[in-house]
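Me: I've got the sequence and the model open, and I'd like to go through a few spots together. Can we take them one question at a time?

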Amino acid sequence: MTAPSAPSVPSAPSRIAVVTGASSGIGAATARQLAAAGYRVVLTARRKDRIEALAEEINAAGHQAAAYALDVTDRAAVDEFATAFKTVGVLVNNAGGALGADPVATGDPADWRQMYETNVIGTLNVTQALLPALTASGDGTVVVLSSTAGHGTYEGGGGYVAAKHAEHVLAETLRLEIVGMPVRVIEIAPGMVKTDEFALTRFGGDTEKAAKVYAGVAEPLTADDVADTITWAITRPSHVNIDLLVVRPRAQASNTKIHRES
């Protein structure tokens, strides 16, 4: 019987891990776990105070982290950021999010545009800018954090679903185009994850609407659950590529089939 693959320890050239959207939720949890796994994490997000505080926390725990304020939709800023690196081992494209839950007939085009810019163009910008450094490491990994929304639609989710489908296709196409290069492309697609901000942001700060998303669900996924999945995929041996990993809470069978306790 073959023994399971042990976690891979990052080599010096591939030890830097860039995490976008690291100011909260899954991004922050992923940064903590990658740092604990031996990576020097570079935290990026628009909220400078948040990522600086997280970098201090990680460094105080005996790991290595640096903060860099960045808007992934600003291509000039992303290109400038990328000049700081000769090699990068890991890029976690986590920045993104959902806005609104209106039907297609009445959805706000501005919300659709913003979701596309953040989820898709943001991922494209950072991936393009850092791909040479990822390749130069000799052992690079690109992670695209999509969603189960990228694999199945649901009513009231048209704009977010469209953006996440595009992000899924971006990852799938990139994997085809760079096969033979020393860079893996991993897609992690979480289902229902309860974080402090995701649903609240989606519903414009309406706490009642945000709470209804998780009402009756005993144990939705947490940010740490998803971060653990991301870290596991990244730390597989270099020849192992987790093309697509869908992770849901047990209570969620699909985007529209969820067990809610009374």
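Me: Let's start with Arg250. Which segment does Arg250 lie in?
Reply: First, a word on the model: it is predicted, so local features need pLDDT of at least 70 and side-chain atom pairs count only at pLDDT 80 or more, while totals for chains, interfaces and linings use all residues. Residues are numbered from 1 along each chain as its sequence is written, and side-chain values use heavy atoms, with hydrogens and water left out. Helices (H or I, at least four residues) and strands (E, at least two) are DSSP runs numbered from the N terminus. On that numbering, Arg250 is in the segment after β7.

Me: Is Arg250 buried or exposed?
Reply: You go by relative accessible area: under 20% is buried, over 50% is exposed, and in between is partly exposed (1.4 Å probe, protein chains only). Arg250 has 85%. So Arg250 counts as exposed.

Me: How far apart are the C-alpha atoms of Arg250 and Val217?
Reply: Along the chain, Arg250 and Val217 are 33 residues apart. In space, their C-alpha atoms are separated by 9.8 Å.

Me: What about Gln252, is it buried or exposed?
Reply: Gln252 is also placed in the segment after β7, and that strand covers 244-247. The relative accessible area of Gln252 is 7%. That is why Gln252 counts as buried.

Me: Which residue offers its backbone nitrogen to a polar atom of the Gln252 side chain, 2.8 Å away?
Reply: Leaving out residues up to four places away in sequence, Gln252 touches Gly191, Met192, Lys257 and Ile258 (contact means heavy atoms within 4.5 Å). A polar contact is a pair of N or O atoms within 3.5 Å; within protein, one must be able to donate a hydrogen and the other to accept it, and residues adjacent in sequence count only if both atoms are side-chain atoms. The backbone nitrogen lying 2.8 Å from a polar atom of the side chain of Gln252 belongs to Met192.

Me: Where is Thr148, and is Thr148 buried or exposed?
Reply: Look in the loop between β5 (140-145) and α5 for Thr148. Its touching partners, not counting residues up to four places away in sequence, include Gly191, Val246 and Asn255. With a relative accessible area of 5%, Thr148 is buried.

Me: Which side chain makes a polar contact with the side chain of Thr127?
Reply: Thr127 is found in helix α4 (residues 109-136), and at 5% relative accessibility Thr127 counts as buried. Apart from residues up to four places away in sequence, Thr127 touches Leu91, Asn93, Val142 and Leu174. The polar contact, at 3.0 Å, is with the side chain of Asn93.

Me: On to the helices. How do the axes of α4 and α5 lie to each other?
Reply: Axes are lines fitted to C-alpha atoms, for helices over the stretch in contact, and angles run from 0 to 180 degrees between N-to-C directions. Under 35 degrees is roughly parallel, over 145 roughly antiparallel, 65 to 115 roughly perpendicular, and the rest oblique. The axes of α4 and α5 (residues 158-177) come within 7 Å and cross at roughly 20°. That makes α4 and α5 roughly parallel.

Me: How many nonpolar residues are in the contact of α4 with α5?
Reply: Residues meeting there include Trp112, Thr127 and Leu131 in α4 and Tyr160, Leu170 and Leu174 in α5. Ala, Val, Leu, Ile, Met, Phe, Trp, Tyr, Cys and Pro count as nonpolar, Asp, Glu, Lys and Arg as charged, and the others, Gly among them, as polar. By class, the contact of α4 with α5 has two charged, five polar and, for the class you asked about, 12.

Me: Which way is the crossing of α1 and α8, left-handed or right-handed?
Reply: The axes of α1 (residues 25-36) and α8 (residues 223-234) come within 8 Å and cross at roughly 50°, so α1 and α8 are oblique to each other. A crossing is left-handed if the near helix is turned anticlockwise from the far one by less than a right angle, and right-handed if clockwise. For α1 and α8, the crossing is right-handed.

Me: And which residues of α2 does α1 meet?
Reply: The axes of α1 and α2 (residues 48-60) come within 10 Å and cross at roughly 25°, which means α1 is roughly parallel to α2. From α1, the residues involved are Ala28, Ala31, Arg32 and Ala35. In α2 they meet Leu54, Glu57 and Ile58.
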